[in-house]
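Welcome! Have a look at the sequence and the model below, and turn the model around a little before reading on.

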Amino acid sequence: MYCYSGKQKCVTRSSTCAEVVVAEQSIVLGSYYVDMMTLLGFKPNIIYYEDNRSVMCLVDTGSRAHDRTSRHMIRKINLMHEYYSNPGNRAAMLWCNTKNMISDTLTKDLHGR
């Protein structure tokens, strides 16, 4: 299990775009660990947890050039779409409630009981 919480390295216009940037970065890091485990003789299944349903919808459908986002966001969305649609990657993106995200416990202020 790997959890990451850190400062974003680029400015985005919405929370969905911010989540796309982080999700794309996690795929790069996850691919590194999958390659390392494969060299050691394991066949890992990797699960990425996401708490933003808009990102999951964008990744499922992919982005078209006529979308009103900048080119680097279209590239990131399409890269994730290709990554998850390839059955050889053995990767899945699952929705997880924000309250249950492990890496968010120290960065997000959650009020309630």
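The report below walks through two helices, a few single residues and some aromatic rings.

Keep in mind that this is a predicted model.

**Two helices that cross**

Let us start with helix H2, residues 53–61, and helix H3, residues 71–85. Their axes come within 7 Å and cross at roughly 70 degrees. Angles from 65 to 115 degrees count as roughly perpendicular, and H2 and H3 are therefore roughly perpendicular to each other.

Which residues make this contact? On the H2 side you will find Leu-58, Val-59, Asp-60 and Thr-61, and they meet Ile-77, Met-80, His-81 and Tyr-84 of H3. Sorted by type, the residues of this contact are five nonpolar, two polar and one charged.

Thr-61 deserves another look. This residue belongs to helix H2, and its C-alpha atom is separated by 7.1 Å from that of His-81, although the two residues are 20 residues apart along the chain.

**A residue from helix H1**

Now move to helix H1, residues 15–39, where you will find Thr-16. Leaving out residues up to four places away in sequence, Thr-16 touches Asn-52, Ser-54, Val-55 and Leu-58. Leu-58 also takes part in the contact of H2 with H3.

**Buried or partly exposed?**

Buried means under 20% relative accessible area, and partly exposed lies between that value and 50%. Here is how five residues come out:

| Residue | Relative accessible area | Class |
|---|---|---|
| Thr-16 | 18% | buried |
| Tyr-33 | 33% | partly exposed |
| Thr-61 | 45% | partly exposed |
| Tyr-83 | 12% | buried |
| Tyr-84 | 17% | buried |

**Aromatic rings**

A pair of aromatic rings is described by the distance of the centres and the angle of the planes. How many aromatic pairs does the model have? The count comes to four. One of them joins Tyr-32 and Tyr-33, with 5.4 Å centre to centre and 65 degrees between the planes, an edge-to-face pair. Another pair is Tyr-83 with Tyr-84: their centres are 5.3 Å apart and their planes stand at 75 degrees, so this pair is edge-to-face. Tyr-83 and Tyr-84 also join Tyr-48 in one aromatic cluster. Tyr-84 is a residue you have met before, as part of the contact of H3 with H2.

Finally, look for Arg-53 and Trp-95. What sits over the ring of Trp-95? The charged end of Arg-53 does, 3.9 Å from the centre of the ring.

Notes: Residues numbered from 1 in each chain as written. Predicted model: local features only at pLDDT ≥ 70, side-chain atom pairs only at ≥ 80, totals over all residues. Heavy atoms only, no water. Axes fitted to C-alpha atoms, helices over the stretch in contact; angles between N-to-C directions. Helix = DSSP H or I, 4+ residues; strand = E, 2+ residues; numbered from the N terminus. Parallel < 35°, antiparallel > 145°, perpendicular 65-115°, else oblique. Contact = heavy atoms within 4.5 Å. Nonpolar A, V, L, I, M, F, W, Y, C, P; charged D, E, K, R; others polar. Buried < 20%, exposed > 50% of the residue type's maximum accessible area, 1.4 Å probe, protein only. Phe/Tyr/Trp six-rings, centres within 6.5 Å; stacked < 30°, edge-to-face > 60°. Lys NZ or Arg CZ within 6 Å of the ring centre and 35° of its normal.
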